[in-house]
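User: I am new to this structure and would like to learn how to read it. Could we go through it feature by feature?

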Amino acid sequence: MLTARDLHHARGLLAGVSLTLAPGQVVGLAGPSGAGKTTLGRLLAGHLSPEHGTVRLDGAPLPAHGFCPVQLLPQTAELAVNPRWRVGRILEEAHTPGAAARRAFGIRDAWLRRYPHELSGGELQRVVILRSMAPGLRYLIADEISAMLDPLAQAGLWHRLLDHVADRGLGILAISHNAALLRRLGGAVWHLENARLRDATPVPASGRAAGLPLETA
Ligand SMILES: Nc1ncnc2c1ncn2[C@@H]1O[C@H](COP(=O)(O)OP(=O)(O)OP(=O)(O)O)[C@@H](O)[C@H]1O
């Protein structure tokens, strides 16, 4: 279980944010630009330490060294790789994905000899995603990872990713401005605004037909 308790950060940007992400759970995170979604993602992945509050994995702090079981996937894959390393070396930074895993993420053998700038943004994003899938991975924080892709490529990326996280029982927090995408992921949707997090999960159409209260949407 990944838990955040009473997070306060950046002088009021986050003020008392608590959440729990369970293994196998898929959650969307929405909210206006500048609300602090990326900052929350960085806190959850241990890239930042909160001014107040705690982030725990199964009750313990995130490891200070080595591979972190909570991995942050940034929107811009170019910023997450060493531009002087070939793609093959980047891919094997934390583990050695086999040919089947590379195929599952649509990574071609010819790319392994290229440098990051010789791949498109979407191609490099797939490399960064597969790199994060080391055996110790438990939770993924996916920050706008498909924002630069066309709708078909976006659907393909999420299809691959959701298949993989389901197979391994990983938890995923998907940060996006795209409400339709977050609905399609099929899990809860949280909304961050005015320093607070609230559950904004849409009520399914069948729920409305059954007369469930719309206030829960
Ligand atoms: N340590 C800090 N101190 C003060 N302000 C900060 C700090 N860190 C981030 N900010 C500000 O907090 C805001 C939130 O940034 P963040 O990138 O987390 O938002 P976001 O919800 O992900 O936005 P977007 O949807 O535009 O990507 C920004 O206005 C940023 O300038």
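Analyst: Gladly. Keep in mind that this is a predicted model. Start with a helix and what lies around it. The buried residues of α4 pack against β6, β7, α2 (87–91), α3 (99–104) and α5 (151–168).

User: Which residues of α4 are buried?

Analyst: They are Leu124, Gln125, Arg126, Val127, Val128, Ile129, Leu130, Arg131 and Ser132. That is nine of the twelve residues, so α4 is mostly covered. The helix spans residues 121–132. From first C-alpha to last it reaches 17 Å, close to the 16 Å expected at 1.5 Å a residue.

User: Let me take one residue, Val128, in helix α4. Why does Val128 count as buried?

Analyst: Count the C-beta atoms around it. A residue is buried if 20 or more others lie within 10 Å of its own. Val128 has 21 such neighbours inside 10 Å, so it counts as buried.

User: What is Val128 in contact with, leaving aside its neighbours within four places in sequence?

Analyst: Its contacts are Leu73, Ala77, Ala80 and Val81. For Trp111, look at the distance instead. Trp111 is 17 residues from Val128 along the chain, and their C-alpha atoms are separated by 13 Å.

User: Now the sheets. What should I look for?

Analyst: Begin with the general idea. Strands of a sheet pair through backbone hydrogen bonds, either parallel or antiparallel. Then read the strand order. One open sheet here has six strands in the order β6-β7-β8-β3-β9-β10, with mixed pairing.

User: Which strands stand at the edges of that sheet?

Analyst: β6 (70–73) and β10 (196–199). Each has a single partner strand, so one side of each is left without a neighbour in the sheet. From one strand to the next, the twist averages 20 degrees.

User: How do I see the mixed pairing?

Analyst: Go pair by pair. β6 and β7 (residues 139–143) are parallel, joined over four bridges. There, Leu73 has Ala142 of β7 as its bridge partner. β3 and β9 also pair in the parallel sense over four bridges. In that pair, Leu29 is matched with Trp190 in β9. β9 and β10 are antiparallel, again over four bridges. Here His191 has Arg198 of β10 as its partner.

User: What links β9 to β10?

Analyst: The two strands form a hairpin, with two residues between them. Asn194, in the turn, has a positive phi of about 50 degrees.

User: What is the strand order in the sheet of four strands?

Analyst: That open sheet runs β2-β1-β4-β5, with antiparallel pairing. β2 (14–21) and β5 (60–61) are its edge strands, each pairing on one side only. Inside it, β1 (residues 2–9) and β4 (residues 52–57) pair over five bridges. Arg5 stands opposite Thr54 in β4.

User: Which strands does α1 lie across, and at what angle does it run to β1?

Analyst: α1 lies across β1, β2 and β4, at about 125 degrees to β1.

User: Last, the ligand. Which residues surround it?

Analyst: Read the shell along the chain. Ala10, Arg11 and Leu13 are among its members. So are Gly31, Ser33, Gly34, Ala35, Gly36, Lys37, Thr38 and Thr39.

User: How many of the shell residues are nonpolar, polar and charged?

Analyst: Three are nonpolar, six polar and two charged.

Key. Residues are numbered from 1 along each chain as its sequence is written. This is a predicted model: local features need pLDDT of at least 70, side-chain atom pairs count only at pLDDT 80 or more; totals for chains, interfaces and linings use all residues. Two strands pair if DSSP finds at least two bridges between them. Axes are lines fitted to C-alpha atoms, for helices over the stretch in contact, and angles run from 0 to 180 degrees between N-to-C directions. The expected span of a helix is 1.5 Å times one less than its number of residues. Two residues are in contact if their C-beta atoms, placed from the backbone, lie within 7 Å. A residue is near a molecule or strand if its C-beta atom, placed from the backbone, lies within 6 Å of it. Ala, Val, Leu, Ile, Met, Phe, Trp, Tyr, Cys and Pro count as nonpolar, Asp, Glu, Lys and Arg as charged, and the others, Gly among them, as polar.
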